[in-house]
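Here are a few notes to go with the structure, written for a first look. Have it open beside you and find each residue as it comes up.

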Amino acid sequence: MDREHALLDLLDLAPGGGTPGGGEGVHFVGRPPLEQSVPVYGGHLAAQALAAAGRTVPAALPAHSVHCSFLRPTLPSAPFEYRVEKVRNSASFATRRVHAIQHGLEVFDLTASFHRPGPGLDHQDPMPPVPDPESLPTYEERLTTAFGEVMRPLGKPYELRFVGPLSFDTEKDPSLSSPRTRVWVRAKGELPDETAAGGARLLHACLLVYVCDVTMLETVLVRHGISWFHADGRSVDYTVWIHRPFRADDWLLCALESPAASGGRGLVLGRVFTRAGVLVATLAQEGLIRVSAGHGALG
């Protein structure tokens, strides 16, 4: 199966019981993750939980905010059950809380808000100047340069094009360290029109949540000149605010920065722009960062 099709299938949850109309006790069961990591890739849980929440909300109310908490370690070998709790229903807003269960324990919690767009004030910050994604090497080409050996395609369901240095680069040359990263991302494959009827807009929101999560904690390491060879990280919490429509299969720029790290945790803030410069989302994530004993870090 193509990886892009597998990613779409990942969001096609199986009914697990309850009332589909959004009442308390609606359950869904998610497919196993594509990324066979331990703990499970956080974007997997976030995207599936948002898909579960969105299936209990009218399509006229798109998701505008997603707040995730990672509660316990997770394994890729066991399924996740998503229990959707109805918190609020109104003509303009719906709120859902989703509890992800594995081996009988709650391992992840998501609160999502859905809002019917209306007239109002409109402004945004400008997109930072960056090269077009087509002019940049692929992620595999960047790794080939960093490691000095040819890296085959990693088979991920998304593409990454980093504008600046990777953590592997800053570890070799600390003068390249920076408090910010810029990376173009997009989901592989051609997706339904974001403005189409039904769940297409929800699909694009779920894919944004999935893809952007992979880029964030790298920013903490780039600032400190440490690579993933000497550090381990996992998400503690993750928030996405969606401002405007977009397509997840078009290139999106994640402009990320890490304003603080302390107590073994690192904070990353980000903004997501279309290639036309439209600000479509804002991101925030705090992650647990463990550095190998005896490995120094930049201030």
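1. Let's start with some rings. Y41, Y158 and Y210 are linked into a cluster through ring pairs. Keep in mind while you look that this is a predicted model.

2. That cluster is part of a wider picture: the structure has 8 aromatic pairs. One of them is formed by Y139 and F162, with ring centres 5.8 Å apart and planes at 35 degrees to each other, and it counts as tilted. The label follows because tilted pairs are those that are neither under 30 degrees (stacked) nor over 60 (edge-to-face).

3. Where do Y139 and F162 sit in the chain? Y139 belongs to helix α3 (residues 139–147) and F162 to strand β7 (residues 158–162), so the pair links distant parts of the chain, 23 residues apart.

4. Are these two partners buried or exposed? Y139 has a relative accessible area of 22%, so it is partly exposed. F162 has 5%, so it is buried. The cut-off matters here, because buried means under 20%.

5. Now go to helix α5, residues 200–213. Try the length check yourself: at 1.5 Å a residue, its 14 residues should span 20 Å. The C-alpha atoms at its two ends are 20 Å apart, so the expected span and the model agree. If you wonder about the sum, the expected span is 1.5 Å times one less than the number of residues.

6. How much of α5 is covered? Mostly all of that helix: 13 of its 14 residues are buried.

7. Next, the largest nonpolar core, which has 76 residues. L50 and F108 touch the most other members of this core. The element that gives the most to it is α5, with 10 residues.

8. Click on L50 and look around. Leaving out residues up to four places away in sequence, L50 touches A63, V66, L110, A112, F114, L202, A205, C206 and V209.

9. There is another core, lying apart from the largest one. This other core has 7 residues, including W251, A255, F273 and L279.

10. Finally, zoom out to the whole chain. Its secondary structure amounts to 6 helices and 12 strands, and 47% of its 299 residues count as buried. Taking contacts between residues at least 6 apart in sequence, 70% join residues at least 24 apart. The chain exposes about 13600 Å², with carbon and sulfur atoms supplying 54% of that area.

Technical notes:
Residues are numbered from 1 along each chain as its sequence is written. This is a predicted model: local features need pLDDT of at least 70, side-chain atom pairs count only at pLDDT 80 or more; totals for chains, interfaces and linings use all residues. Side-chain values use heavy atoms; hydrogens and water are left out. Helices (H or I, at least four residues) and strands (E, at least two) are DSSP runs, numbered from the N terminus. Buried means under 20% relative accessible area, exposed over 50%, partly exposed in between (1.4 Å probe, protein chains only). Contact means heavy atoms within 4.5 Å. Accessible areas come from the Shrake-Rupley method with a 1.4 Å probe; for residues, only the protein chains shown count as cover. Rings of Phe, Tyr and Trp (its six-membered ring) pair if their centres lie within 6.5 Å; planes under 30 degrees apart count as stacked, over 60 as edge-to-face and the rest as tilted. A nonpolar core is a set of buried Ala, Val, Leu, Ile, Met, Phe, Trp, Tyr and Cys residues joined through side-chain atoms within 4.5 Å.
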